[in-house]
Amino acid sequence: MAIPFLKKKREIPEKIFEAPTIGIKDIIAPSSIALVSDHLKLGNRFAKSFFIFSYPRYLSTAWFSPVINLNTPMDIGLHIHPADTGMTLKQLRKKITEVQAEIIEREEKGLIREPALEIAYKDLETLRDRLMTAQEKMFKLGLYLTVYGDTEKELREIEITLRSILEAKLIYIKPALYQQKEGFNSSLPYGLDQIQVHTSINTEPLSSTFPFISFDLSSNEGILYGINRHNNSLILFDRFSLENSNSCVFAKSGSGKSYMVKVETLRQLMLGVNEIILDPENEYRALAEAVGGSFLNISLASPNHINPFDLPTTLREDEKPEDVLRSNILNLVGLMRLMLGGLSAEEDGIIDRALTETYAAKDITSETDPSTWPERIPLMEDLEAVLEGMEGTESLVRRIRKFTKGTFAPFFNQPTNVSMEKPLVVFGIRDMEDELRPIAMFIIMRYIWNKVRSELKKRILVVDEAWWIMKTEDGASFLFGLCKRARKYWLGVTTITQDVGDFMKSEYGKPIITNSSLQFLMKQSPATIDLVQKTFNLTDEEKYLLLEAEVGEGIFFAGQKRVSIKVVASYTEDQIITTSPEEILKIKRAKQELARG
Ligand SMILES: Nc1ncnc2c1ncn2[C@@H]1O[C@H](COP(=O)(O)OP(=O)(O)OP(=O)(O)O)[C@@H](O)[C@H]1O
Ligand SMILES: [Mg+2]
């Protein structure tokens, strides 16, 4: 008889006291899974699986990308099972006999022809030919989607969007009722096809499901540049996030270059970026007025002056006065070369020395305090006086007189009286004589550059019709220098040009392009397209896209990515920036009427 309490004391195994080890699965697994007929609840999240059960006769390329680029989390399982071609051919033969019989029957009865039958007949025959010659193969395709949301309502909304995108293309989906677990598993990368809803499909339409075809350029920062034409997503981008913030825009006249830059300007201003625009057509005036910026008309007759001898008002800590002075004198020599119609090697040296002396005469040297320089900036006539005192300078003095005493003096021989306080500053140079325009652009750019160096701010400099400045070697070299150094001064330079050919003629053209992380191509003319293709390594598709682009459409390159873009502006933006004469006249009339009350 067993008497319990006489039993030998049992040892309790130590394992019981051991804490259970927690594995990675315990960490990532949801706390619970609830299975309902038409969805799953994974912890706090809801998931719902669908399958595609019907496709149209014709699948266009990239039909699937709007779904892939949908801004909601989603898992997609694409199961492709190869089918036996021999078997398929046999089935097709049977099918085609049926179709043919029906056609003949209708004919015998004297009924009018049925296009659907004829198309089916043709499709079947083509397919048979292609399968026979092994140009195509047959597959069974199962496509399953699982979407996720925080609430059932969110799931429903996603379902509606998904349905409307697909049904517009005559593709129909169904939720995997009572098969949510299988649907979920089939969407995960296990290679498990547990739903088994298949559509027979040949190689060509199958290839159109390939998902990775379009780039997305949406980020959380930056401004809206336009709409991605591949998938209708938004192109949101912050150019200051790239290795440099320069951009260049190329397109033929009237294709919307200035428009796109104006749209960008308006939106950058909203983010607090300052904009400076060099405007050879005075077409940014309305924009400047609308946002309370300043429009500086620069011409011989205008009261706005910029002294080419200006120096930075404050120096950065890492800059030495002698370097600043030296680099200023160097690019002043470049400017003189432009103004005086070229300099011989000897004259080059003389001008260099004369400039140093002109500054020194005003006590501006590497030894003096840079903060006192701005009070004593010399004028063109001071340079003339110095040159007069030097040997062998007769020709130089004669040529420089044009700018100190002649008709050009009102612009070139005056102290600076403009300022760049406003967030948007436009320098309009339409009224400047053509021959002086590159010189004026150079002087303005030097002025801007000195300002940029004096105070660190997020800025964008737009050089519209940049070929004006690229025409001369010195202008081009200055612009290139600017692009190269802009990044360190938080500056992004936008260059706009009509003709890539002109731009590339200059030895600085290519380096300016390669120093721009952002590139923007719009409609091109057949004459230049080959050069554009070569310069930007375009594919043939991209080439045709640019040849046929509408106004405001183009390709947007950002670093390594490229997307097809359409620039869109809101109604208000459009009213501010349009250059269409018809629109402008309308706005003018409306304004007049408003004034009259
Ligand atoms: N995205 C757009 N949406 C609507 N209209 C546009 C768009 N882009 C440009 N336009 C209109 O097309 C016309 C030409 O545009 P824009 O002045 O920008 O051309 P451009 O390329 O700068 O030409 P140019 O080289 O001659 O200066 C303008 O009337 C402008 O209003
Ligand atoms: Mg323009």
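This report covers the ligand site, the cysteines and the aromatic contacts of a predicted model.

## Ligand site

The shell around ligand 1 is made up of 16 residues, and those that come nearest are Ser 253, Gly 254, Lys 257, Ser 258 and Tyr 259. By residue class, the shell holds ten polar, three nonpolar and three charged members.

Two of the polar contacts of ligand 1 involve the protein backbone. A polar backbone atom of Gly 254 is 2.8 Å from an oxygen atom of the ligand, and a polar backbone atom of Tyr 259 is likewise 2.8 Å from a ligand oxygen. Glu 465 contributes through its side chain, with a polar atom 3.4 Å from an oxygen of ligand 1. The protein buries 79% of the 640 Å² that ligand 1 exposes when taken alone.

## Cysteines

The whole structure was searched for disulfides, and zero were found. A disulfide is a covalent bond between the sulfur atoms of two cysteines. For Cys 248, the nearest cysteine sulfur is that of Cys 483, at 8.4 Å. The reverse also holds: for Cys 483, the nearest cysteine sulfur is that of Cys 248. The cut-off for a disulfide is a sulfur pair within 2.5 Å, and neither Cys 248 nor Cys 483 takes part in one.

Are these two cysteines buried or exposed? Cys 248 counts as buried because its relative accessibility is 0%, the limit for that class being under 20%. Cys 483 has a relative accessibility of 3%, so Cys 483 is also classed as buried.

## Aromatic rings and charges

The structure contains 19 aromatic pairs. Which residues do ring pairs link into a cluster? The members are Tyr 225, Phe 237, Phe 520 and Phe 556. A pair of aromatic rings is described by the distance of the centres and the angle of the planes.

Lysines also sit over aromatic rings in this model. Lys 174 lies over the face of Phe 53, with a distance of 4.4 Å to the ring centre. In the case of Lys 262, the charged end is placed over the ring of Tyr 284, and the distance to the centre of that ring is 5.1 Å.

Definitions and conventions:
Residues numbered from 1 in each chain as written. Chains lettered and ligands numbered in written order. Predicted model: local features only at pLDDT ≥ 70, side-chain atom pairs only at ≥ 80, totals over all residues. Heavy atoms only, no water. Buried < 20%, exposed > 50% of the residue type's maximum accessible area, 1.4 Å probe, protein only. Near = heavy atom within 4 Å. Polar contact = N/O pair within 3.5 Å; in protein donor to acceptor, adjacent residues only side chain to side chain. Areas by Shrake-Rupley, 256 points an atom, 1.4 Å probe, with all protein chains shown as cover. Nonpolar A, V, L, I, M, F, W, Y, C, P; charged D, E, K, R; others polar. Phe/Tyr/Trp six-rings, centres within 6.5 Å; stacked < 30°, edge-to-face > 60°. Lys NZ or Arg CZ within 6 Å of the ring centre and 35° of its normal.
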